Amino acid sequence: MAEYLRRMPHSGDAFRRSSTVWSILKLDPWLLSGLLVLAGFGLTVLNSAVDGSNAAIQRQSVYLLIGFCGMLVAAQIPVYRYARLAPWMYLAGVLALIAVLFVGVGAKGAQRWLSLGGFRFQPSEIMKLAVPLTVAWYLAKRSLPPNPKYVGATLILMGLPAVLIFLQPDLGTAILVAVSGFFVLFLAGLSWRYLLTAAGIGVASIWPLWSFVMKDYQRQRVLTLLDPESDRLGAGWNIIQSKTAIGSGGWSGKGYMQGTQTLLDFLPESNTDFIIAVLAEEYGLQGVLWLVVLYLFICLRGFWISYNAQSTYGRLVGASITLTFFVYVFVNMGMVAGILPVVGVPLPLVSAGGTSIVTLLAGFGILMSISQDKRQVN
């Protein structure tokens, strides 16, 4: 019996072999598991939102496959190489954004895409990664917390692409790109006096922005948020229908593919911006809570990886990617619930998408690279 027990493989040996496999692949198994479950659940909800359209599901599946392959590739690149590539990626992204203003492809009143060889993509999505990578590259090489000169240079790095994206116009993405860079600046130890000053400037600029910068449809979104009933059949239609779908789901929902708001086409953009209303109507509050738990799991794992990063650059980039992901979720759920203006932010890995899915998963690939990094690159 003793001889038999000695010959049995030890559980510790199996764990070490498993750890070695993940180390070779440069992947974090917990984060990968969360993303795979989220993507699978997203496909299920999307299938209902598009009423079982095979073409839409196949297209989403292809994007997810490309995204996970991109994540695997991104995970193989050492963190210090991202620090070297970041400014070039930023420069290419800014040039692409400028090109969009002149030769971009338009749709629904906006000019946000470039078409190359029949392939259409949004350069603004690339900037969601390029901005935090570049801001982290700039700050990690300098003494922290940043002094006023470094803060000013960082604001320029954040502001230039945000302005170019705003001109497309795409206010939602412009804000998210700026926020992704701001998170890096905040995590670098930005003084609270700068934050209070920025808050004061923001309050003081509300009237000029409203009067001279914001377009009519953007003002209407704010007014609709405050009183959606003022234009029930126009600007308020989306919010009213989404609230109706969410409320009618109750605790347990109406059942899979049984949501009347979706099936009868009352709910607009049900496969993109308002897809969580489909989930709430069919799965109820409990379904939404399970999705929130899944998002929180991914965020907590991202924070854990960032906290244990081996370099200042890795910590800044990892935490920024995770916080930006959290903001995507919060903004989408907030606008569908009627507590934030509708700014066209999709629900990560659940809403139908293309470039956004690939970019998001590439960001998680960078996070996995950080989790496997053993080299100090402060």
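Gly338 follows directly after helix H15 and takes a positive phi of about 85° in this predicted model. Helix H15 covers residues 312-337, and its end C-alpha atoms are 37 Å apart; at 1.5 Å a residue its 26 residues should span 38 Å, so the two values agree. Of those 26 residues, 22 are buried, so helix H15 is largely enclosed by the rest of the structure.

**Core**

The largest nonpolar core has 96 residues. The members that touch the most others are Leu35, Leu38, Leu291, Tyr295, Tyr313, Phe325 and Phe364. For Leu38, the contacts beyond its neighbours within four places in sequence include Leu291, Tyr295 and Phe325. Leu294, Ile298, Pro348, Leu349 and Val350 are also in contact with Leu38.

Met368 is part of helix H16 (residues 355-371). Its relative accessible area is 0%, and Met368 is therefore buried, the limit being under 20%. With neighbours within four places in sequence left aside, Met368 is in contact with Lys26, Leu27, Asp28, Leu31, Leu32, Leu35, Met71 and Ala75. The C-alpha atoms of Met368 and Ala74 are 8.3 Å apart in space, although 294 residues separate the pair in sequence.

**Surface**

A nonpolar patch on the surface consists of Trp88, Leu91, Leu95, Ile98, Leu101, Phe102, Val103, Val163 and Leu167, which together have about 940 Å² of accessible area. Helix H5 (residues 79-103) gives the most to this patch, with seven residues. An α-helix has 3.6 residues a turn, so residues three or four places apart point the same way. One of the patch residues, Leu101, has its place in helix H5. Leu101 counts as partly exposed because its relative accessibility is 31%, which lies between the limits of 20% and 50%.

**Whole protein**

The protein contains 16 helices and three strands. Among contacts with a separation of 6 or more, 72% join residues 24 or more positions apart. The table gives overall values for burial and accessible area.

| Property | Value |
|---|---|
| Share of the 378 residues that count as buried | 46% |
| Area exposed by the protein | about 18,600 Å² |
| Share of the exposed area supplied by carbon and sulfur atoms | 68% |

Key:
Residues are numbered from 1 along each chain as its sequence is written. This is a predicted model: local features need pLDDT of at least 70, side-chain atom pairs count only at pLDDT 80 or more; totals for chains, interfaces and linings use all residues. Side-chain values use heavy atoms; hydrogens and water are left out. Patches are made of residues with over 30% relative accessible area and no salt bridge: like charges are joined within 9 Å, nonpolar side chains (Val, Leu, Ile, Met, Phe, Trp, Tyr) within 5 Å. Accessible areas come from the Shrake-Rupley method with a 1.4 Å probe; for residues, only the protein chains shown count as cover. A salt bridge is a side-chain nitrogen of Lys or Arg within 4 Å of a carboxyl oxygen of Asp or Glu. Helices (H or I, at least four residues) and strands (E, at least two) are DSSP runs, numbered from the N terminus. Buried means under 20% relative accessible area, exposed over 50%, partly exposed in between (1.4 Å probe, protein chains only). Contact means heavy atoms within 4.5 Å. The expected span of a helix is 1.5 Å times one less than its number of residues. A nonpolar core is a set of buried Ala, Val, Leu, Ile, Met, Phe, Trp, Tyr and Cys residues joined through side-chain atoms within 4.5 Å.
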